[in-house]
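Subject: the structure, and what turned up in it

Hi,

Here is the structure I said I would pass on. Have a look first, and my notes follow underneath.

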Amino acid sequence: MKNIKHITLAILTSVLLFSCENSLEDVYDEIGEVGTPIKTDIKYTLTEDDFETLDLSSEKFASFEQAENIIPTVLNQVLPNSPGAKAALMVDIYNDNNTIISNLFDAKEVTLTTEDYPTANSGAFHPSESAAELLPAIITGKVTGAESGNFYKVTYSNFTEEPTKATAGQVVAYDFTNETFNGWTSVDVTGDQAWEDATGFGNISMSGFDGQAYENEDWLVSPEVNLTGETELKFQIDENLRYGSDLSLVKVLVSENYTGDINTATWNELTITNRNFHSDNNLTPSDVIDFSAYDNKIIHIAFKYNSTTSDSTRWLIGNVSISKGEGDEFTGDTETLTAYYTYDGSTYSVPEIAYELTSEDYDAMGTESGTPGQYNNFSSSISPDDYLPLFLANKYQFATTGTQKLIFYKYFSGSTSTRFDLYSYENGAWIMPETSTETEIRFINKKGTWVSDNPIVYSITSDDFVWISESSLKSDADYASQLDSAGQYKNFDRRPGGEAYWSDEQIEVALNLFLKDKFPETEVGTQYAVSALTYVGSSAIEEFRLILDESGDYIYVTE
C-alpha cells in the first residue's frame, strides 16, 4: 500500500500544536523518546540566535527557496531527531515586487583578501581609513565583466581600535599561571607578608594586607636572562593591580650587574603603560613596550613590591614575555561588516536611497548606557525600530510622501554585523512599509535530518469531481461506478468492497489526468498535496501526496 496521509475533518479541528512559547523541554516531553512518530506539527519560531546561525542580513528571507534551503541548519540543532516528525514555521519573506530589496539579495558577492586593504598585512581597514571612500576603487580592481545595473555585496573588516604590529617572535617567556615561581627568587626585606605562588587565582601574587595593611618591601628576581644576539626587543606583562592607590609602589626593574645581592646591583625601572587599578581579578596585558636598551645583554628582571600601613596593593602576575622586534602583521580587534554598491557603467556607488549610520548618528540617539551611542550599534535590547523613525524625521525634515530610505546599521548579537531596514515617509511619519509577507513553511524529519516539506497545496472542488467523472476514464469499464459516484456525490468513495470504491491506484490514475490538465507547465520534481472529500461511511478529508517524476507521470510520494 502506498503511504498516503488520511486526515479526517475531526482530526483537522483538534490538532495539538506546540506553541513557540513552550520550552523545548516541553516539546520533548510531549513527543516522548526520539524515534516515536510525531502525529502533530511542531510549531517553532526562529530566535535571534537562530538568525545569527543562519547569517542573514535581517530576520527575513530573500525567497521561499532560501528559507527552505537554510532553515534545516537550525532545526537539526534545536528540534528532536525523530523520523516522521513535522514542523511548521511562520517566516517573513521579502516580496518579489520590492525591487531594492530583491537587488540586495541578488547582489554578487565580493570578499576582500588581506592584499586588498590599503595598509599592507592588515587584513582590515584602520580607523583612519574610510571604507566608504576606498571600497569603490578596490571593487573596480576585483570585479571583471561588470554590467550597468549590477549590485555588489562587499564583505570587509574594520579594526575597532588602532591596531598594533605583532612581535616577530618570542625570545623569553615566563608563565606564572601554573602558580609556580619558575626559578625566580623571592627576597623579603621588610614585613611579614611575602610573595606567594599557590594563590588560588591561577598565578603568583603579593599583598601587604593581612586583616589590615602592613608596611612591606618584597622582591621577586628572575634567573639570568641571556639576550645575546637578540635585537629590537619588546616587553609585555599580564597583571592585575587591586585594592591600592599608588602605582609607584609596584615596579618592574631590570639590572645588568645583579650577582645575587639586590642592594649592590644597579636597577632601572621599566615604564609600563596602560596600567591601572582593577575592580575584578582578571589579568590585563600591558602595552608592548620598547625593550631595545637590553639588546644583546645579559640581565635579571625583578618585581619590586612596597606597601604601607595605608596602601597595600594586591599584585597578581600571570605572564611575562620578551619578544624580538615587530613582525609584518597587524593585530587588534576587528568587526566584519557589509556594504552594497551598484554599478552605473563607469563607477561603483552606494544605492541612491541608501544611508549608512555614522558614529555621530549613533551618538545623536544617546550615548548613555542602553542607547545606540554607547557602543555605536543596535542589539536585541536596543531595537532600531525604537530609534530610526525619529532619527529619519530629524535628518530629513523636508521629506515628501513616498520618499524611501534604506538604512544600513551595525547590529550586535555575539558579534557585530551589518543589517538594513527600508523606511518610507507616509502621512507625516517614517514607517517600515510592507516589504515582506508572513508565510508558513513546513519541514519533515527524514532519516534523522530535517528537510523541506512544502508541496503545492490544492483542494479538489465539486467542479473538479465533475471534470474527473467526465474525463477520458469514461472509456474504461473498470471506472464506471466510481465515476458515476464521484460526479453525483462530489467525493471519492473509500469504502473497501463497495461497488463505487476508489482504490489508491485508481485515484492515482485520476489525479494524473487532472493535474496534467490543470497544471500543464509543472516542472519535474514538483510535489502536490491534493486534498479531496472522501466517503468512509461519513465524510472525511483525505490528502494525497504526489510528485511529477522524470517519466512525466505523477506518482505517490513515499517516506
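Q506 is buried: its relative accessible area is 14%, and the cut-off for calling a residue buried is under 20%. Keep in mind that this is a predicted model. Q506 sits in helix α11. Which residues does Q506 touch, leaving aside neighbours within four places in sequence? They are D478, Y479, Q482 and Y501.

One of those contacts, Q482, leads straight to helix α10, residues 480-489, where Q482 is itself buried along with L483, S485, A486 and G487. The cover over the buried residues of α10 includes α9 (462-469), β27 (492-493) and α11 (504-518). Right after α10 comes K490, with a positive phi of about 55 degrees.

The pairing of α9 with α10 is worth a look on screen. Their axes are 8 Å apart and the packing angle is about 155 degrees. Angles over 145 degrees count as roughly antiparallel, and α9 and α10 are therefore roughly antiparallel to each other. Their crossing is left-handed. On the α9 side the contact is made by F465, I468 and S469, and on the α10 side by L483, A486 and G487.

Now the nonpolar cores. The largest has 31 residues, and W195, F235, F291 and F303 are the ones with the most contacts inside it. The strands that each supply at least two residues of this core are β6 (164-175), β8 (204-207), β11 (233-242), β12 (250-255), β16 (298-307) and β17 (314-331). If you want one residue to click on, try F291: not counting residues up to four places away in sequence, F291 touches L227, L233, K234, F235, V254, L270, I299 and I322. Apart from that core lies another, of 23 residues, among them Y458, I468, F514 and L515. You have met I468 already, as one of the α9 residues in the contact with α10.

Then there are two open sheets to go through.

The first of my two is an open sheet of four strands with mixed pairing, in the order β2-β3-β24-β25. Why is one side of β2 and of β25 left without a neighbour in the sheet? β2 (41-43) and β25 (449-452) stand at the edges, and each has a single partner strand, so there is nothing in the sheet on the other side. On average, neighbouring strands here are turned by 40 degrees against each other, direction ignored. β2 runs parallel to β3 (residues 86-94), and three bridges join them; I42 has A87 in β3 as its bridge partner. Helix α4 (residues 64-78) lies across β3, β24 (436-446) and β25, at about 50 degrees to β24.

The other one is also an open sheet of four strands with mixed pairing, and its order is β4-β5-β18-β19. Its edges are β4 (108-111) and β19 (348-349), each with a single partner strand, so one side of each has no neighbour in the sheet. β4 pairs with β5 (residues 151-159) in the parallel sense, over four bridges, and E109 stands opposite K153 in β5. Lying across β4, β5, β18 (334-343) and β19 is helix α6 (residues 131-142), which runs at about 65 degrees to β18.

That's my list for now. Shout if anything looks odd on your screen.

Cheers

Terms used:
Residues are numbered from 1 along each chain as its sequence is written. This is a predicted model: local features need pLDDT of at least 70, side-chain atom pairs count only at pLDDT 80 or more; totals for chains, interfaces and linings use all residues. Side-chain values use heavy atoms; hydrogens and water are left out. Two strands pair if DSSP finds at least two bridges between them. Axes are lines fitted to C-alpha atoms, for helices over the stretch in contact, and angles run from 0 to 180 degrees between N-to-C directions. Contact means heavy atoms within 4.5 Å. Buried means under 20% relative accessible area, exposed over 50%, partly exposed in between (1.4 Å probe, protein chains only). A nonpolar core is a set of buried Ala, Val, Leu, Ile, Met, Phe, Trp, Tyr and Cys residues joined through side-chain atoms within 4.5 Å. Angles under 35 degrees count as roughly parallel, over 145 as roughly antiparallel, 65 to 115 as roughly perpendicular and the rest as oblique. A crossing is left-handed if the near helix is turned anticlockwise from the far one by less than a right angle, and right-handed if clockwise.
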